[in-house]
Amino acid sequence: MTSPERVKVVVIGAGQAGLSVAFYLRRFELVADQDFVLLDRAPGPGGAWQHRWSSLRLGTAHKVNDLPGMAELGLSFDTADRNLPAKDVVADYYDKFEQHFDLRVRRPMNVRQVVNAGVDLQVRYEDLTPQPLEEQKAARGLFGRRRKTFEEPAEPTAPQHEISTQFLVNATGTWGSPFVPYYPGMTEFAGRHVHTSDFTDAEDFRDKHVVVVGGGTSAIGFMLELEEVAAGLTWVSRRPIDWLDRQELDLEGASAAVAMQDEAARSGRALPSIVSGTGVPKSRRMAAGIERGLLVARPMFDRIEADRVVWDGENSGMARADVIIWATGFRPDLRHLAPLKLREKAGGITVGQGAAWSDPRIFLAGYGPQASTIGASRAGRMIARQIMAML
């Protein structure tokens, strides 16, 4: 393991929240790789967008707001090509943003733990860059097995690093922590369980009987994409769909959702679903899907059998299933912060104005009310200002 560096700030995650924080740190004349370090687990720029399926376009996704300072590059998502995959557009724009503002993102770096180290915090991470074949062979014994003895446990194959820092900004988002609720019979299901994070192409489900679970825009998008592909298609939701008769979320609805997230974060509770507080704006394509009977969700099933989902009681019935797509969202990806014991009994972390109330050295960007592209951008400025005031 290399000897640890020491910097003023470590930012974990280079999605919209992490890039926004880094932008404002640069505005305060901090230098990347000298005063602050930006670590990202992904292989390239684009945040979670780079992992989305290729058929998803900017015009059909949630609105992507511009990063602060993006206008300097002559770029805006409002004028981006709507015919290109959203993942490619976002990755391209974020790459140009990183280069223009000299953010020097280190990737692919996986943060494994953040621990207390006196007045500082110690960030332990591993370099996931593929190693040359010679180094892989040196790290492993004959026949590809790692050299080890009974007295000495095998070391991780990825190079390990440490950084000591005065302040930590966690901007890891949620993509790395998919949520799938438990239902009886899940382990007996003979088909495939697929989460939103695993979805790549509708063609993977051609001639299959598919059940889509979820009440948000991802579930709706899957239904529309699979309509002409799947042999059978069933949509179920844990709550009734709150359709809004407008194509974009209005300010009142967005403000109410942000207020719900903020109240939960300040009280240390688990964060509520964004969709539960906003409803789903009805695009023309969605309205047409409702009219032809495609986008009509059934109540949540009660159990799963080997080749079907089953409703009991007054809604008794079944639907054949070769695949269940769980468009059931994500949870904040905070496992690496576990040694700091920030989580409250209520299930969340107490956060106000982007700062962890139990530890003034730690900030959470893109958490709770900041979990949108516009919220993350505002949080970047707010968090950077607080850090600079304490340096």
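Modeller: A helix here is a DSSP run of H or I with at least four residues, and helices are numbered from the N terminus. The model is predicted.

Biologist: What phi does Glu 29 take just after α1?

Modeller: Helix α1 covers residues 16–27. Glu 29 comes just after α1, and its phi is positive, at about 70°.

Biologist: How far apart are the end C-alpha atoms of α1, given the span its residues should have?

Modeller: The helix has 12 residues, and at 1.5 Å a residue these should span 16 Å. The model agrees with that, because the end C-alpha atoms of α1 are apart by 16 Å.

Biologist: Is α1 mostly covered or mostly exposed, and how many of its residues are buried?

Modeller: A residue counts as buried under 20% relative accessible area. In α1 the buried residues include Gln 16, Leu 19, Val 21, Phe 23 and Leu 25. The helix is mostly covered, and of its 12 residues the number buried is 10.

Biologist: Which helix holds the ring that pairs with Phe 23 of α1?

Modeller: The structure holds 17 aromatic pairs. One of them joins Phe 23 and Phe 97, with 6.1 Å centre to centre and 40° between the planes, which makes the pair tilted. The two residues are 74 apart in sequence, so the pair ties together separate parts: Phe 23 lies in α1, and Phe 97, in residues 86–100, lies in α2.

Biologist: Are Phe 23 and Phe 97 buried or exposed?

Modeller: The cut-off for buried is under 20% relative accessible area. Phe 23 has 4%, and Phe 97 has 0%. Phe 23 and Phe 97 therefore both count as buried.

Biologist: Which residues do ring pairs link into a cluster?

Modeller: The Phe 23 and Phe 97 pair is tilted. Ring pairs link these two into a cluster with Tyr 24 and Phe 101. The cluster is Phe 23, Tyr 24, Phe 97 and Phe 101.

Biologist: Over which ring does the charged end of Arg 331 sit?

Modeller: There are arginines over rings in this model, and one of them is Arg 298, at 3.6 Å from the ring centre of Trp 311. The charged end of Arg 331 is 3.8 Å from the centre of its ring, which belongs to Phe 179.

Biologist: Which strands stand at the edges of the open sheet of 5 strands?

Modeller: The sheet pairs in parallel, in the order β6-β15-β7-β8-β11. An edge strand has a single partner, so one side of it is left without a neighbour in the sheet. That applies to residues 192–195 and 298–299, which are β6 and β11.

Biologist: How many bridges pair β7 and β8?

Modeller: Strand β8, residues 232–237, pairs with β11 over 2 bridges, and Ser 237 stands opposite Pro 299 there. On the side of β7, residues 209–213, Val 211 stands opposite Thr 234 of β8. The pairing of β7 and β8 is parallel, and the number of bridges is 5.

Biologist: Which strands and helix are included in what covers the buried residues of α4?

Modeller: Helix α4 spans residues 217–226, and its buried residues include Ile 220, Phe 222 and Leu 224. One covering strand, β8, is itself mostly covered, with 5 of its 6 residues buried. The cover includes β7, β8, β9, β10, α7 and β15.

Biologist: What share of the 391 residues counts as buried?

Modeller: The protein chain has 8 helices and 18 strands. It exposes about 19500 Å², of which carbon and sulfur atoms supply 50%. Of its 391 residues, the share that counts as buried is 47%.

Definitions and conventions:
Residues are numbered from 1 along each chain as its sequence is written. This is a predicted model: local features need pLDDT of at least 70, side-chain atom pairs count only at pLDDT 80 or more; totals for chains, interfaces and linings use all residues. Side-chain values use heavy atoms; hydrogens and water are left out. Rings of Phe, Tyr and Trp (its six-membered ring) pair if their centres lie within 6.5 Å; planes under 30 degrees apart count as stacked, over 60 as edge-to-face and the rest as tilted. Buried means under 20% relative accessible area, exposed over 50%, partly exposed in between (1.4 Å probe, protein chains only). A charge sits over a ring if NZ of Lys or CZ of Arg is within 6 Å of the ring centre and within 35 degrees of the ring normal. Two strands pair if DSSP finds at least two bridges between them. The expected span of a helix is 1.5 Å times one less than its number of residues. Accessible areas come from the Shrake-Rupley method with a 1.4 Å probe; for residues, only the protein chains shown count as cover. Contact means heavy atoms within 4.5 Å.
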